[in-house]
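Biologist: I am new to this structure, so could we go through it by question and answer, beginning with one helix and then turning to the core and the aromatic rings?

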Amino acid sequence: MPLRDSIEVLEEEFQLNCYPGIDVREDLAQKLGLDEDRIQIWFQNRRAKLKRSHRESQFLMVKNALINSRAESWHPAIGTRSSKSQSSRLFLDASFYSLKVGEQEGPKPKFRCS
């Protein structure tokens, strides 16, 4: 089976179940002409890619919120920021920092591929 078709089959299964059991992995291995351990590694790598993508999108959302907050709080006539916007900016900076460092209040939410 050509590589593109194999990847398409794996992606379709991943959409249904990102944690396939041994039986599913063995069926896929037989269908694609690969070893079961290669199928297992592919799913591990694909979950890691999804998790990384999710983390990056969260980072970009926080970064954009910070940029928008700074842009909205700028007063061109005065040339400064208002005190209210400074406090919200500090809050966003703290949020950005805690996401960057990995500090969060409460238990860390588990990432799930659905």
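Biologist: Which residues of helix α2 (residues 22–32) are buried, and on how many degrees of arc do they lie?

Modeller: In this predicted model, the buried residues of α2 are Arg 25, Leu 28, Ala 29 and Leu 32. An α-helix has 3.6 residues a turn, so residues three or four places apart point the same way. The buried residues of α2 therefore share one side of the helix, covering an arc of only 100°.

Biologist: Which exposed residues does the face of α2 turned away from the buried side carry?

Modeller: Exposed here requires a relative accessible area over 50%. On the face of α2 turned away from its buried side, the residues that are exposed are Asp 23, Asp 27, Gln 30 and Lys 31.

Biologist: How many residues make up the largest nonpolar core, and which helices each supply at least two of them?

Modeller: The largest nonpolar core includes Leu 28, Ala 29 and Leu 32, together with others such as Ile 39, Trp 42 and Cys 113, and it has eleven residues in all. The helices that each supply at least two residues of this core are α1 (3–16), α2 and α3 (36–73).

Biologist: What kind of aromatic pair do Phe 14 and Phe 43 form, and what kind do Trp 42 and Phe 43 form?

Modeller: The rings of Phe 14 and Phe 43 lie 6.1 Å apart, centre to centre, with 35° between the planes, and this pair is tilted. Phe 14 belongs to helix α1 and Phe 43 to helix α3, 29 residues apart. For Trp 42 and Phe 43 the centres are 5.1 Å apart and the planes 80° apart, a pair that is edge-to-face.

Definitions and conventions. Residues numbered from 1 in each chain as written. Predicted model: local features only at pLDDT ≥ 70, side-chain atom pairs only at ≥ 80, totals over all residues. Heavy atoms only, no water. Buried < 20%, exposed > 50% of the residue type's maximum accessible area, 1.4 Å probe, protein only. Helix = DSSP H or I, 4+ residues; strand = E, 2+ residues; numbered from the N terminus. Arc of directions from axis to C-beta. Core = buried A, V, L, I, M, F, W, Y, C linked by side-chain atoms within 4.5 Å. Phe/Tyr/Trp six-rings, centres within 6.5 Å; stacked < 30°, edge-to-face > 60°.
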